[in-house]
Amino acid sequence: MTDVNGLLAVAKRAAAAGAAVLARRSVIGTGGDGLETSNKGEAGDWVTAFDVAAENAVRAAILAERPDDTITGEEHGTTRPETPSGYRWSIDPLDGTTNFIRNIAYYATSVAVADSDGVWLAGVVHAPALGRVYSAGRGLGAWLETGGESIRLAGPVPGRTGLILATGFSYDPATRASQSAGLAELMEGFADVRRLGSAALDLCLVADGTFDAYGERGLNEHDFSAGALVAEEAGCWVRRPRLESPLTGGPSTEDRLAAWMCAGTLELSGKFPL
């Protein structure tokens with residue numbers, strides 16, 4: 001049996017490799033000039049040369065230590081070795097690409113690994129512009145490394161006033177219209193809302209208590225795989241989307257756009273649609 005500590009160590013090194021690529025972004029050209037941007041098909045869903053280079057770096061770091069593991073990545077899809085170990089990595093080399101293009105600091109490399117039963121065992125969200133590394137191993141708690149310190153995370157403060165909800169909006173126009181129409185109802189009981197543009201970091205900011213809850217529909221697995229484990233290991237209530245695995249060709253676009261990813265204190269679990 002593979003040790004969770006060992007998997008977490010690999011995840012940290014792989015996420016650091018991706019984040020090192022992102023850290024080479026020039027501060028010149030805050031509108032994205034020179035980043036080799038292209039659009040994936042939906043307005044605002046951008047990809048840059050950094051996305052691809054960071055994914056290549058993450059994959060190389062994982063395969064150097066675990067050549068028999070399967071990898072699912074945002075840019076290169078799923079690759080399977082000849083003799084699969086049963087472990088699968090889910091990687092988002094640059095979560096928050098639009099932020100990255102506009103030189104907004106909320107972006108990160110996200111790396112997570114699951115066993116053959118689909119149980120997430122380790123996850124890391126490395127945000128180079130923020131100087132933060134969030135990490136979690138199943139049963140090991142959730143941690144934030146920043147400024148030379150390592151801090152154990154315990155989630156939002158239960159029962160506090162002035163609750164803040166984090167959410168996001170789809171690139172799909174019909175889904176976005178539905179999300180906008182339902183925002184007022186979703187915000188009942190919350191004092192304010194934030195939309196930072198990185199699901200992985202939104203989940204980590206619930207884990208560290210910055211946000212009280214996060215809810216968004218339409219995410220891909222690589223968007224939430226690491227951040228959800230960080231929130232869970234911080235003691236948060238977490239509900240992942242029930243989606244068909246990418247190993248079997250899923251999920252369909254329709255299923256993905258309808259599914260919610262939610263996290264927060266247990267007392268806020270009833271705020272989100274089923």
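Two strands count as paired if DSSP finds at least two bridges between them. The exercises below apply this to a predicted model.

**Exercise 1. Work out how strand E3 is paired with its neighbours, and which residues stand opposite Gly73.**

Step 1. Begin with strand E5, residues 88-95, which runs parallel to E3 and is joined to it by 4 bridges. Since a pair requires at least two bridges, E3 and E5 qualify. Within E5, the residue that forms the bridge with Gly73 is Ile91.

Step 2. Turn next to strand E4, residues 77-79, which pairs with E3 in the antiparallel sense over 3 bridges. Here Gly73 has Gly77 opposite it, and the connection from E3 to E4 is a hairpin through 3 residues.

Step 3. Finally, look at the side chains of E3, which covers residues 70-73: Thr70 and Thr72 point one way, Ile71 and Gly73 point the other way, and all are buried.

**Exercise 2. Describe the open sheet that contains E13 and E15, and explain why one side of E12 and of E14 has no neighbour in the sheet.**

Step 1. Write down the order of the 5 strands, which is E12-E11-E13-E15-E14, and note that the pairing in this open sheet is mixed.

Step 2. Read off the edges: strand E12 (192-194) and strand E14 (237-239) each have a single partner strand, so one side of each is left without a neighbour in the sheet. On average, and with direction ignored, neighbouring strands of this sheet are turned by 15° against each other.

Step 3. Examine one pair in detail, namely strand E13 (residues 213-217) and E15, which are antiparallel and share 5 bridges. In this pair, Tyr214 has Ala263 of E15 as its bridge partner.

Step 4. Add the helix H6, which lies across strand E11 (164-166), E13 and E15 and runs at about 155° to E13. Because 9 of the 9 residues of H6 are buried, this helix is largely enclosed by the rest of the structure.

**Exercise 3. Identify the residues with the most contacts in the largest nonpolar core, and find which element supplies the largest share of it.**

Step 1. The largest nonpolar core has 34 residues, and those that touch the most other members are Val125, Tyr134, Leu153, Tyr214, Val230 and Met261.

Step 2. Several elements supply at least two residues each, among them strand E7 (120-127), strand E8 (132-137), helix H7 (221-233) and strand E15 (260-264). The largest share, 8 residues, comes from H6.

Step 3. A second core, separate from this one, has 19 residues, including Ala15, Trp89, Val111 and Val133.

Step 4. Return to Val230 as an example: leaving aside residues up to four places away in sequence, Val230 touches residues including Tyr134, Leu153, Cys204 and Ala207.

**Exercise 4. Classify the ring pair formed by Phe100 and Tyr107, and say which residue lies over the face of Phe100.**

Step 1. Ring centres must lie within 6.5 Å for a pair, and planes over 60 degrees apart count as edge-to-face. By this rule there are 4 aromatic pairs. In the pair of Phe100 and Tyr107, the centres are 4.9 Å apart and the planes stand at 90°, so the pair is edge-to-face.

Step 2. Ring pairs link Phe50, Phe100 and Tyr107 into a cluster, and both Phe100 and Tyr107 are buried.

Step 3. Over the face of Phe100 lies Arg25, at 5.5 Å from the ring centre. Elsewhere, Arg66 lies over the face of Tyr87, at 5.1 Å from the ring centre.

**Exercise 5. Describe the backbone at Asn103, Gly209 and Pro251, and place each of them in the chain.**

Step 1. Recall the general background: most residues other than glycine have a negative phi, and most peptide bonds are trans.

Step 2. Asn103 has a phi near 65°, a positive value in a residue other than glycine. Asn103 belongs to the loop between helix H3 (97-101) and E6, and is partly exposed, with a relative accessible area of 32%.

Step 3. Gly209, just after H6, also takes a positive phi, of about 90°.

Step 4. The peptide bond from Gly250 to Pro251 is cis, with omega near -10°, and Pro251 lies in the loop between E14 and helix H8 (253-258).

Conventions
Residues numbered from 1 in each chain as written. Predicted model: local features only at pLDDT ≥ 70, side-chain atom pairs only at ≥ 80, totals over all residues. Heavy atoms only, no water. Phe/Tyr/Trp six-rings, centres within 6.5 Å; stacked < 30°, edge-to-face > 60°. Buried < 20%, exposed > 50% of the residue type's maximum accessible area, 1.4 Å probe, protein only. Lys NZ or Arg CZ within 6 Å of the ring centre and 35° of its normal. Core = buried A, V, L, I, M, F, W, Y, C linked by side-chain atoms within 4.5 Å. Contact = heavy atoms within 4.5 Å. Axes fitted to C-alpha atoms, helices over the stretch in contact; angles between N-to-C directions.
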